[in-house]
Amino acid sequence: EHFAPCNAACPAGNDVVKFVQTLMNEGEEAAARVLGETQPLASVCGRVCPAPCMIGCSRNNYDGAVNIRALERWIGDRAPLVQKKELSPDAQRRVAIIGSGPAGLAAAYELARAGHRVTIYEGEPELGGVLRTGIPTYRLPREVLDREIGAIIALGVETRTGEFVDSNRIRALAKEHDAVIVAAGFGLATRLDVPGIALDGVEDGTRFLHRVNMEGGEAVGGHVIVLGGGNTAMDCARSALRSGASRVSVVYRRTRAEMPAILEEISESEHEGVEFHFQRAPMAMQGNGRVRELVTAEVEMGPPDASGRRRPVVTDRTSILACDHVLLALGQSADRSLLPAGATIEDGRVHIGGQPTNIFASGDFATGEGTVSHAIGDGRRAAQRALASLGEHVNVFKRPDKVQVVPLSSVRLGYFTPSAPAVERHEPVRTRIHTFAETNLGIPDPREAERCFSCGHCTSCDTCLVYCPEGVIERVASADGGNYLVNLEYCKGCGICVAECPRGAMEMHPQ
């Protein structure tokens, strides 16, 4: 087996090829057992993940990527993922987890399924972190989130909601537990220092989403302007439409191509009527007590900056947009004041005075990578690091080196019939913008799994056996459902079997 591009691209560490092939050959429950080894939130990720696996999919360069995200959702919506192993009480470790977002939940799952004792501390009244407070219900229905969280808690995880912690409390928890994992996510919004920022009607976007998702929200009206180009900006824009805005505009200082938001979210925002003003930088808010105008300056794109995107260069050419509300969605960062004074994070572990502690950092709080799938992978990693530090024998998850993936040149495209990817069904725009009910209804069936090339993985297709001119390859029965043996005594080393393998699942080495 070789790394498939999709596997190497998944930040959560899912075996994409295996769960897709298992779904095709054995059905949802068997596929759920594969996913459950790494993923407790398949229904969540199947709705909100930016799907780097699909960006890496070899089929992208043929007829369109396999809709892996939709297949993950299909499995998660139909079969239980959570699996538990039993440990004797003497072998159990006690771990406290700060935060119940995707990183905290993944860490809790990794520990609880191995039989350890876990307590989650969450400041909000309900679990879920940003999945609950920041992602609108039209993208992630609360019954879906509650179901997957409930399955994790059913493993025996204790929860303390409505309990925010500070650095002193974390120190105390570290003394009471074998390990503490801080998965508090992003806590600080990026500020904008321009005139008029304190006017009524100017609001942080995450605060707006919290009101909408947790407090019942309140109606907004007139023209709402959203500043930013990430997923939070798209969520703010689409939520503002559903909250009564008559017009919504997104103002972004770079071009559309450089927007960090999920492409589907940008497209869905456009379909719903959101306007986009690219290469505009906010310079001031104006109004008598309440914001009524946004002053923007034109931006020219300079050379790439440290992010790899072209640097925005603000000009002196300005214009004014009339508005009634401005939402700031300019990015977030971690609030490191949660850690004890003098603390540093080294390879996911908190050090104080240069010495390692039993406190670990995870998810956006540690990495700032900003996606649910990245947070899940890092939550798993933090749990494994904590156990390893306590002398447990665990393999700490590392992302595969993408240099090792099977190249498209090793896939014999002539063996595969072109077919368009499965497309998710959506509620009509005319009705969905008036409700927070789920917009994306998923794919109608799992036949999309049949499009997977299974790059680098043998599917027992018999091509090597059929093409061998000497007849020295034979199929042998094995526990994994089939394999092949090459009689090396008679093999002449012609390499036809390797050349004809449709999936790059064979290699030839000189003896």
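Here are some friendly notes on a predicted model, covering one enclosed helix, a pair of helices in contact, and some aromatic rings.

1. A good place to start is helix H7, residues 102–112. Here 11 of the 11 residues are buried, so H7 is largely enclosed by the rest of the structure. The buried residues run from Pro102, Ala103, Gly104 and Leu105 through Ala106, Ala107, Ala108 and Tyr109 to Glu110, Leu111 and Ala112.

2. What do the buried residues of H7 pack against? Their partners are three strands and three helices: strand S1 (94–98), strand S2 (117–122) and strand S4 (179–182), together with H8, H9 and H14.

3. Next, look at helix H12 (residues 231–242) beside helix H13 (residues 263–271). Their axes are 10 Å apart and meet at an angle of about 25 degrees. Because angles under 35 degrees count as roughly parallel, H12 is described as roughly parallel to H13. The crossing of these two helices is left-handed.

4. Which residues make the contact between H12 and H13? From H12 come Met234, Asp235 and Arg238, while H13 supplies Glu265, Ile266, Glu268 and Ser269. Sorted by class, this contact has 4 charged residues, 2 nonpolar and 1 polar.

5. Now for the rings: the structure holds 4 aromatic pairs. One of them joins Tyr138 and Phe436, whose ring centres are 6.2 Å apart, with 40 degrees between the planes, a tilted arrangement. This pair links distant parts of the chain, as its members are 298 residues apart. You will find Tyr138 in the loop between helix H8 (130–133) and helix H9 (142–153), and Phe436 in the loop between helix H15 (429–432) and strand S19 (440–442).

6. Are Tyr138 and Phe436 buried or exposed? Tyr138 has 1% relative accessibility and therefore counts as buried. Phe436, in contrast, is partly exposed, with a relative accessible area of 25%.

7. Another aromatic pair is Phe416 with Phe453, also tilted, at 4.4 Å centre to centre and 40 degrees between the planes. Phe416 lies in the loop between helix H14 (372–389) and strand S18 (425–426), and Phe453 in the loop between S19 and helix H16 (463–467), so the pair ties together parts that are 37 residues apart in sequence.

8. Both rings of that pair belong to buried residues: Phe416 has 12% relative accessibility, and Phe453 has a relative accessible area of 3%. If you are viewing this region, look for Tyr62 as well, since Tyr62, Phe416 and Phe453 form one aromatic cluster.

Conventions:
Residues numbered from 1 in each chain as written. Predicted model: local features only at pLDDT ≥ 70, side-chain atom pairs only at ≥ 80, totals over all residues. Heavy atoms only, no water. Axes fitted to C-alpha atoms, helices over the stretch in contact; angles between N-to-C directions. Helix = DSSP H or I, 4+ residues; strand = E, 2+ residues; numbered from the N terminus. Parallel < 35°, antiparallel > 145°, perpendicular 65-115°, else oblique. Left-handed = near helix turned anticlockwise from the far one by under 90°. Contact = heavy atoms within 4.5 Å. Nonpolar A, V, L, I, M, F, W, Y, C, P; charged D, E, K, R; others polar. Phe/Tyr/Trp six-rings, centres within 6.5 Å; stacked < 30°, edge-to-face > 60°. Buried < 20%, exposed > 50% of the residue type's maximum accessible area, 1.4 Å probe, protein only.
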